[in-house]
Amino acid sequence: MKTDEKKKKRFPKLSARRYTQLIAAVLYNCNVKGFAEGKIFKGASKGLCVPGLNCYSCPGAVAACPLGSLQSALLSSRYKVPYYVLGTLLLFGLVCGRFICGFLCPFGLLQELIYKIPTKKIKKSRVTRALSKLKYIILIAFVIVIPLTKLSPGFCKYICPAGTLEGGVPLALANADIRGMLGALFSWKVFVAAAILLASLFCYRAFCRFLCPLGAIYSFFNPVSFFGVKVDKSKCTGCGACVRACKMDVKKVCDGECIQCGECRGVCPENAISFGYKGPGEAKRTPKTDRQTEE
Amino acid sequence: MTGKPKQILVCSLLIAAVCLLAAGLADGGFTDVLRKAATICFECIGLG
């Protein structure tokens, strides 16, 4: 018995979600040769977008970043309407919503792993809930307005920590030419990325909750997405255990802040929460627990 | 939103997504994304 417990401590069992996150991160970045050579992949698969935030300038990336592609498409939208990228984002959002954030985003995985380091944690509150609106401002200002007016991909250029960690740092380490070109902007981006990673140590998924414009886009689709967490209205008593247990700033299961990770399934006393197809028109009842969950 | 209005909204969005994708593919959107993603993005990596 004791050896079993010791084994469990040394090798904690990974959840299906963790496996999915790891597999997604590896699949997105399976061009291992690129890391050694300091060059990026140029194959045809780069014309496709992955659903999660993953920089296409990462030497390992075999597909495009949806957010980078959107900004790039908006830069040239004076000449061409970005049908392809908009269609891709609409399809991803409609099929999965923020299930993508919970299961298919490598940067989300990184933040969750950092959060596992034992330190004092900041719990969700009115302040974090207010801060969670910031990502919509970033979406409008940096992803839409700056590319349309200043003709530069604002979010990629000034904020994106995935670009710095997956693209900038590995390329700078492996490629002397790129290393020689680093300047003030790179220093700024390293500072932003470091600040976000540090925040993730104390605050669960700080970037996803407060800053990520891709999460903001997918949040609009959460209530209508085909797959994800669903609540059985005939079983739900509205006790609010799910919302209290959730580390995101949700007001109810499957609202815009819910990343559909399914962690709430285990705490529901009525087993009313499950994963699956949430067919169009399927009625759902979610507990109204705004007041109950204030901490 | 539940019931029929939701069903109509979801179906409309799905049709819109497929139409946008088809229009984008016909318009060379795939090639545009490929062209951008196959070159190092200086803004993304912090070179400006």
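**Chain B, internal spaces and a surface patch**

Read along its sequence, chain B follows the pattern α-α-α, and in this predicted model the chain accordingly has three helices and zero strands. Along the principal axes, the C-alpha atoms of chain B fill a box of roughly 50 × 25 × 10 Å. Chain B comprises 48 residues, of which 33% count as buried, and about 2500 Å² of the chain is exposed, with carbon and sulfur atoms supplying 71% of that area.

The search for enclosed space covered the whole structure and returned three cavities of 30 Å³ or more. The largest of these cavities has a volume of about 90 Å³, and of the 17 residues that line it, Cys101(A), Cys105(A), Cys208(A), Cys212(A) and Gly215(A) are the closest to its centre. Four helices of chain A, namely α6 (99-103), α7 (106-115), α14 (206-210) and α15 (213-219), each supply at least two residues of this lining. When the residues lining the largest cavity are sorted by class, eleven are nonpolar, four are polar and two are charged.

Open space was examined as well, and the largest pocket holds about 300 Å³. Its lining consists of 14 residues, and those lying nearest the centre of the pocket are Arg17(A), Arg18(A), Glu112(A), Lys116(A) and Glu263(A). Helices α2 and α7 of chain A each supply at least two residues of the lining of this pocket; α7 is also one of the helices that supply at least two residues to the lining of the largest cavity. By class, the lining of the largest pocket has seven charged residues, together with five nonpolar and two polar ones.

On the surface, a nonpolar patch is formed by Leu14(A), Tyr19(A), Leu22(A), Ile23(A) and Leu27(A), which together have about 460 Å² of accessible area. Within this group, Leu14(A) is placed in the loop between α1 (2-10) and α2 (16-28) of chain A. Leu14(A) counts as partly exposed because its relative accessibility is 35%, a value that falls between the limits of under 20% for buried residues and over 50% for exposed ones.

Technical notes. Residues are numbered from 1 along each chain as its sequence is written. Chains are lettered from A and ligands numbered from 1 in the order in which they are written. This is a predicted model: local features need pLDDT of at least 70, side-chain atom pairs count only at pLDDT 80 or more; totals for chains, interfaces and linings use all residues. Side-chain values use heavy atoms; hydrogens and water are left out. Patches are made of residues with over 30% relative accessible area and no salt bridge: like charges are joined within 9 Å, nonpolar side chains (Val, Leu, Ile, Met, Phe, Trp, Tyr) within 5 Å. Accessible areas come from the Shrake-Rupley method with a 1.4 Å probe; for residues, only the protein chains shown count as cover. A salt bridge is a side-chain nitrogen of Lys or Arg within 4 Å of a carboxyl oxygen of Asp or Glu. Buried means under 20% relative accessible area, exposed over 50%, partly exposed in between (1.4 Å probe, protein chains only). On a 1 Å grid over the protein atoms alone, a cavity is a set of points where a 1.4 Å probe fits but cannot get out, and a pocket is an open set with protein on both sides within 12 Å along at least five of seven lines; lining residues have an atom within 4 Å of a point. Grid points are joined across faces, edges and corners, and a volume is the space filled by probe spheres set on the points. Ala, Val, Leu, Ile, Met, Phe, Trp, Tyr, Cys and Pro count as nonpolar, Asp, Glu, Lys and Arg as charged, and the others, Gly among them, as polar.
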